[in-house]
Amino acid sequence: MLAAPSWTAMRIRNALRSSVNDITSSLQFARSEAVRLNNPVTVCPSSDGVSCTDTGYNLGWIVRTGPQNNAAGQIILQDTLPNALFRLDATTPATRRFTYLPNGLPASNFAGATLEVCPTNTNFASLTRAITINRTGRITLSTPGSCSI
């Protein structure tokens, strides 16, 4: 009986690390593929694993070639499924899609964005992690202490 709460907390912490690692590795992968392919690469939410949608990242996401608003001729490079233990989304819906250019920098209109990974169990809201992408595409992690999405 005493082990149950700590087991739950450990399971949620491990799943949180996994979710944070999944999205950050997708962003880093997109950046490196944009440079390698000499073509823009976009990370965007996708509920069907085929096209970018206006949903949150909690339903999954894709990494695809091509700019944000051009679906013609795209190649899906990666498809990530959702994790039921967490909500994952941008703190500002307008910044849900990230396009990296062939020089490795975000698209010219990108001013920075923050994604949050929040446990669905509100008892563990203090475990929330914020993933901030600055204007140059650098990713930093922080612990805001509460969820804003």
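## A walk through one helix and eight strands

Of the 149 residues in this chain, 40% count as buried. Keep in mind that you're looking at a predicted model. Let's start with the whole chain and then zoom in.

### The big picture

The chain has 1 helix and 8 strands. Reading from the N terminus, the order is α-β-β-β-β-β-β-β-β, with the helix ahead of the strands.

How does the radius of gyration of the chain fit with a compact globule? For 149 residues, such a globule would come out near 15 Å, and the chain has 16 Å, so the two agree. Along its principal axes, the C-alpha trace spans about 55 × 30 × 25 Å.

Now for contacts between residues at least 6 apart in sequence. Of these, 57% join residues at least 24 apart.

On the outside, the accessible surface comes to about 7,800 Å², and carbon and sulfur atoms account for 54% of that. The chain carries 12 positive and 7 negative charges, and the mean positions of the two groups lie 9 Å apart.

### How some of the strands pair up

Here are three pairings to look for in the structure.

| Strands | Sense | Bridges |
|---|---|---|
| Strand 4 and strand 6 | antiparallel | 5 bridges |
| Strand 6 and strand 7 | antiparallel | 5 bridges |
| Strand 7 and strand 8 | antiparallel | 4 bridges |

You can follow these pairings residue by residue. Leu88 stands opposite Val117 in strand 6. Next, Ala113 has Ile133 in strand 7 as its bridge partner. Moving on, Ala130 is bridged to Ser142 in strand 8.

Strand 7 and strand 8 form a hairpin with 5 residues between the strands, and in this hairpin Gly137 takes a positive phi near 95°.

### Strand 4, tucked away

Is strand 4 largely enclosed or not? Of its 5 residues (86-90), 4 are buried, so the rest of the structure largely encloses this strand. Two of its residues are worth a visit.

First up is Leu88, which lies in strand 4. Its relative accessible area is 5%, and since anything under 20% counts as buried, Leu88 is buried. Setting aside residues up to four places away in sequence, Leu88 touches Ile23, Gly56, Tyr57, Asn58, Trp61, Leu115, Glu116, Val117 and Ile149. Notice Val117 in that list: that's the residue opposite Leu88 in strand 6. Leu88 and Thr128 are 40 residues apart along the chain, and their C-alpha atoms are separated by 9.9 Å.

Then there's Asp89, also in strand 4. Asp89 is buried too, at a relative accessible area of 12%. Beyond its neighbours within four places in sequence, Asp89 is in contact with Gly56, Tyr57, Arg96, Thr114, Leu115, Glu116 and Ile149. Its C-alpha atom sits 16 Å from that of Thr42, a residue 47 places away along the chain.

A handy bit of background for looking at strands: in a regular one, the side chains alternate between the two faces of the sheet.

### Three more stops

Thr80 belongs to strand 3 (residues 76-80). Buried or exposed? With 13% relative accessibility, Thr80 counts as buried. Apart from residues up to four places away in sequence, Thr80 touches Ser26, Gly60 and Trp61.

Leu141 is found in strand 8. What is its relative accessible area? Leu141 comes in at 52%, and because exposed means over 50%, it counts as exposed. Even so, Leu141 has contacts beyond its neighbours within four places in sequence: Val20, Thr24, Ala130 and Ile131. As for distances, Leu141 and Ala111 are 30 residues apart in sequence and 17 Å apart in space, C-alpha to C-alpha.

Last comes Asn38, in the loop between helix 1 (3-37) and strand 1 (41-45). Asn38 counts as exposed, at 58% relative accessibility. What about its backbone? Phi of Asn38 is near 55°, a positive value in a residue that isn't glycine. For context, most residues other than glycine have a negative phi.

Methods. Residues are numbered from 1 along each chain as its sequence is written. This is a predicted model: local features need pLDDT of at least 70, side-chain atom pairs count only at pLDDT 80 or more; totals for chains, interfaces and linings use all residues. Side-chain values use heavy atoms; hydrogens and water are left out. Helices (H or I, at least four residues) and strands (E, at least two) are DSSP runs, numbered from the N terminus. The radius of gyration is taken over C-alpha atoms; the globule rule is 2.2 Å times the number of residues to the power 0.38. Buried means under 20% relative accessible area, exposed over 50%, partly exposed in between (1.4 Å probe, protein chains only). Contact means heavy atoms within 4.5 Å. Accessible areas come from the Shrake-Rupley method with a 1.4 Å probe; for residues, only the protein chains shown count as cover. Lys and Arg count as positive and Asp and Glu as negative; His and the chain ends are not counted. The place of a charge is taken as NZ of Lys, CZ of Arg, CG of Asp or CD of Glu. Two strands pair if DSSP finds at least two bridges between them.
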